[in-house]
Amino acid sequence: MMCLRRFCALVLVLTLLPTTPTAAAKPIAHREVLPNGIVLLVAERPAVPIVFVRAFARAGAVLDPPDRAGLANLTGALLTRGTAKHTAPQLDSAIEFVGGSLSAAAGRDGLTASLAVLKKDLGLGLDLFSEVLLTPTFPAEEVKRKTAQIQAAIKRSEEDPGTVAARALARLVFPNHPYGMPVEGTVESVGKLTRDDVVRFHETNVRPDTTIIAVVGAITVDDARREIEARFGGWKSPAEPPATTPPASPSGSPKTETIQKELTQATIMLGRQAIRQTDPDYFPLTVASYVLGGGSASRLYSRVRDEGGLAYAVFSYVTPARYGASFAVSAQTRTAEVPKVIEIIREELTRMTREPVTERELKLAKEYLIGSFPLRLDTSSKVADFVVAVEEQGLGLDYADRYKERVAKVTPADVQRVAAKYFAPDSFNRVVVGAPKP
Amino acid sequence: MRPTHTLRLVFVATLLLGLAAGAAAQNSDRVLAATLENGLRVLLQEDHRSPIVSFQMWYRVGSRNETRGTTGIAHFLEHLMFKGTPTHGPGEFARLVEQNGGQDNAFTSQDVTSYYVNIAADRIDLVIDLEADRMHNLRLDPKDIASEREVVIEERRTRTEDDPGGFLGEEVSSIAFKNHPYGAPIIGWMEEIKQITPAQIRAFYKTYYVPNNAILVAVGDFKAPEVLTKIRAKFRRIPKGPPPPPVLAVEPPQNGERRVIVKKHAQLPIVYLGYHVPNRKSPDAFALEMLSTILSEGRASRLYKRLVYERQLALEAGGDYNYFSHDPSLFWFWGTPMPGQTPETMEKALLAEMEALKSEPVTEEELQRARNQVEATFVFQEDSIHRRAGLLARFELIGSYADKDRFVEGLRAVTAADIQRVARTYFADDKKNVGILLPRP
């Protein structure tokens with residue numbers, strides 16, 4: 001439906017890592033390591049006869065060779081485009097005939113294959129699911145077709161100011177790290193990819209010793225283990241060790257970039273590197289970001305939107321990932337007000353560094369961050385995403401509980417200390433898309 | 001890419017299908033339904049899987065209730081519903097919801113305006129209190145209206161002015177409907193957003209935000225009779241209003257092709273085709289609904305398979321129908337040509353697909369797949385209390401929450417001959433509305 005009051009989707013996705021299923025005396029999922037190294041996570045949710053399966057292989061865009069940006073993305077997109085037993089149209093027909101879905105796609109850190117089926121069709125679904133991970137054939141015709149589609153999608157995404165701004169910001173925040181490159185690559189880099197590149201990427205990087213499989217829904221742990229072992233038990237890792245990726249290094253002095261577009265509104269993004277959940281300061285940072293631009297009671301929302309009428313969308317968010325993290329502030333405003341909105345954002349960032357947040361703000365942030373957990377784990381699909389994320393980022397299945405404890409302990413002094421470290425306005429890279437020529 | 005308003009249709013269709021499955025799955029008939037003395041319709045369904053509740057208020061008002069000169073007023077008012085009452089000041093609604101770990105939002109469509117709060121079940125008293133308060137006591141302060149008007153204008157810039165698909169969709173709707181309010185954008189024309197007055201907004205609020213024009217739905221971890229008692233206690237004081245005026249506008253038959261060509265800064269062209277079709281009141285509605293599934297649901301669907309996969313003409317292509325539309329609306333087709341392909345080729349290819357639907361029945365496999373997809377989608381939706389609540393509301397809006405079973409039966413009964421017949425009846429060449437976006441570098 002359109003015309004939501006608030007532009008919230010992005011915020012919900014990016015604030016990441018909520019928490020526990022409330023009064024959960026028992027852990028959110030069963031965890032075990034299969035003999036070939038696969039980490040199997042199972043969450044039983046018997047009420048609705050559906051099953052979600054996710055496989056996360058540590059084969060993300062961070063492993064793209066420097067001159068092959070988009071390789072992981074192309075590989076992911078091709079997994080469902082033909083296997084040893086089925087052509088792409090056969091796979092599509094088979095899964096859709098039972099009302100299920102099977103898809104695969106790469107992100108920065110990994111490649112995810114997802115299956116959703118009715119419980120009665122789980123056998124069929126898992127057969128197809130294992131085929132696309134283990135025996136994709138990458139037919140030349142399909143490589144050609146998918147390459148053209150990805151190039152067209154990249155071209156069209158140039159129409160979207162938010163995408164253009166986010167790409168530019170990533171380049172500035174992570175100038176010396178694969179995180180600075182778009183997952184999908186560029187029209188040029190994708191044009192250079194070959195079938196051999198894809199075959200090699202899959203062989204080398206999609207392997208059991210760096211793969212997580214989560215099974216969530218109307219299934220028991222024992223049944224899930226049996227079904228997964230039957231299909232993935234014989235899967236072996238290559239002899240050479242898995243590829244490694246260095247953590248992001250500091251980005252140097254911040255930069256400003258203006259991208260001219262003929263638009264009535266400008267997209268402003270400020271961003272810098274930050275910290276991930278393994279750093280104790282992550283929790284005060286999460287609270288600080290929430291007070292600054294997290295919800296409809298936040299400082300930026302109040303000043304820029306409610307009082308100023310300057311924007312429909314304004315928010316801040318921390319994005320932790322395996323090899324680095326970023327903190328960003330984003331707003332869209334009419335072209336003439338760009339300087340004013342940037343000034344307000346800078347003022348509010350500065351204020352976070354100079355004075356402690358009020359007790360009332362702190363209480364609101366904590367109560368929201370802690371109290372909204374159950375809502376973030378209320379469907380099988382959300383549970384699958386969550387358990388994969390905590391496992392992948394090495395946080396442990398008790399992360400939800402620790403998160404709540406850590407957030408609850410944050411003090412105004414913590415928030416100010418962390419803001420002083422990460423919110424100094426001059427430390428931010430800045431991108432503006434759509435501003436008129438000066 | 002789907003036009004924003006088509007997206008709306010798609011979303012509705014998906015919800016719809018979801019419901020169908022729910023009916024079969026479990027306890028969907030255990031709904032506590034009541035109508036209060038003031039006309040407020042209440043639907044409550046217990047779901048004890050998680051300690052949460054989805055609480056939703058649906059008002060029977062959308063852009064179809066707007067008059068010329070005030071387009072966008074329904075959506076504008078939706079924004080202002082968060083601006084406070086004498087009891088709960090500006091921003092207090094959102095603050096209280098967040099402080100209690102809840103998530104809220106709202107949307108406006110052509111037919112309805114909907115507000116939801118998803119929150120821990122033990123906080124339901126707070127939500128009942130807040131929703132009852134803002135149904136009747138909204139402040140609508142001119143200063144708040146002035147600043148929120150600028151927010152809505154920014155929203156329009158994002159959705160329409162700077163979005164080629166959104167912009168084209170608006171243009172096609174406006175040529176397809178020369179009389180019915182469905183021709184105007186939900187968010188309103190820019191010029192009219194700027195001129196809507198506080199007095200007009202107050203009158204609109206007073207007319208449509210009355211208990212006898214609303215449906216309250218809650219699904220979650222509570223005891224339905226207890227919650228009904230609480231709802232009654234808070235809402236009963238709100239007086240019933242006069243019945244809101246009916247929308248009398250009727251769209252006259254279309255007497256020839258209509259076409260709009262928009263040149264705008266964009267990377268790829270877009271082609272939209274819209275045909276007037278009946279809504280659920282027609283026996284053809286089930287066949288149209290099944291047809292949209294056959295055309296667009298998944299990679300094995302007809303338009304994806306033929307235009308995107310086999311012929312590689314389109315980056316995306318699809319078709320959409322809104323069974324739930326209050327008044328008759330459009331069946332949409334759309335396609336985004338691949339680089340190097342022209343919009344003319346794209347349009348011809350879409351028209352050829354329509355001719356194919358007329359000349360040959362869809363296959364038994366296509367039909368059975370669509371049936372299975374409908375039923376499965378409905379089981380998947382059962383997993384979310386938010387969706388379950390939304391589906392109850394949508395069926396109640398068009399008749400009764402209990403109609404969902406009839407809906408699934410209706411879809412199951414559709415034959416290939418039915419689909420061929422509706423294609424022949426409604427997709428006539430001289431009844432098409434065509435929109436072409438030509439990229440300007």
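**From the nonpolar core to the contacts between chains**

In this predicted model, the largest nonpolar core holds 275 residues, and those that touch the most other members are L169(A), V215(A), V287(A), A288(A), V387(A), I201(B) and V217(B). One of these residues, V387(A), can be followed further: leaving aside residues up to four places away in sequence, V387(A) touches I28(A), A29(A), L41(A), A43(A), A214(A) and L397(A).

To place such residues within chain A, it helps to turn to the domains. The domain assignment divides chain A into domain 1, which covers 27–232, and domain 2, which covers 256–433. The C-alpha centres of these two domains of chain A are 29 Å apart, and the contact between them draws 32 residues from domain 1 of chain A and 29 residues from domain 2 of chain A. On the side of domain 1 of chain A that touches domain 2 of chain A, at least two residues each are supplied by the elements β2 (39–44), β3 (50–57), α6 (161–173) and β6 (211–217) of chain A. The largest share of that side comes from α6(A), which provides nine residues. Sorted by class, the residues on this side of domain 1 of chain A comprise 23 nonpolar, four polar and five charged.

Two pairs of helices in chain A show how helices can be arranged relative to each other. In the first pair, helix α13 (residues 359–371) of chain A and helix α16 (residues 399–409) of chain A have axes that come within 10 Å and cross at roughly 175 degrees. Because angles over 145 degrees count as roughly antiparallel, α13(A) and α16(A) are described as roughly antiparallel to each other. Their contact is made by K366(A), L369(A) and I370(A) from α13(A), together with K404(A), V407(A) and A408(A) from α16(A). By class, this contact of α13(A) with α16(A) contains four nonpolar, no polar and two charged residues.

In the second pair, the axes of helix α10 (residues 282–293) of chain A and helix α11 (residues 299–307) of chain A come within 3 Å and cross at roughly 20 degrees, and α10(A) and α11(A) are therefore roughly parallel to each other. Here V291(A), L292(A) and G293(A) in α10(A) meet R299(A), L300(A) and Y301(A) in α11(A), and the residues of this contact divide into four nonpolar, one polar and one charged.

The next step leads from chain A to chain B. Between the two chains, 67 residues of chain B are in contact with 62 residues of chain A. On the side of chain B that touches chain A, two or more residues are given by each of several elements, among them α1 (4–25), β4 (103–108), α5 (142–161) and α13 (364–381) of chain B. Of the elements on this side, α5(B) gives the most, with ten residues. The side of chain B that touches chain A has 24 nonpolar, 24 polar and 19 charged residues.

A single residue of chain A, V98(A), gives a closer view of contacts with both chains. V98(A) is placed in the loop between α3 (88–97) and β4 (101–106) of chain A, and because it has 19 C-beta neighbours inside 10 Å, V98(A) counts as partly exposed. Leaving aside residues up to four places away in sequence, V98(A) touches V117(A), L118(A), D121(A) and L124(A), as well as N372(B) and A376(B). V98(A) and L124(A) are 26 residues apart along the chain, while their C-alpha atoms are separated by 9.2 Å.

Methods:
Residues are numbered from 1 along each chain as its sequence is written. Chains are lettered from A and ligands numbered from 1 in the order in which they are written. This is a predicted model: local features need pLDDT of at least 70, side-chain atom pairs count only at pLDDT 80 or more; totals for chains, interfaces and linings use all residues. Domain bounds come from an automatic or database domain assignment. Two residues are in contact if their C-beta atoms, placed from the backbone, lie within 7 Å. Helices (H or I, at least four residues) and strands (E, at least two) are DSSP runs, numbered from the N terminus. Ala, Val, Leu, Ile, Met, Phe, Trp, Tyr, Cys and Pro count as nonpolar, Asp, Glu, Lys and Arg as charged, and the others, Gly among them, as polar. A nonpolar core is a set of buried Ala, Val, Leu, Ile, Met, Phe, Trp, Tyr and Cys residues joined through C-beta atoms within 7 Å. A residue is buried if 20 or more other C-beta atoms lie within 10 Å of its own, exposed if 12 or fewer, and partly exposed in between; C-beta atoms are placed from the backbone. Axes are lines fitted to C-alpha atoms, for helices over the stretch in contact, and angles run from 0 to 180 degrees between N-to-C directions. Angles under 35 degrees count as roughly parallel, over 145 as roughly antiparallel, 65 to 115 as roughly perpendicular and the rest as oblique.
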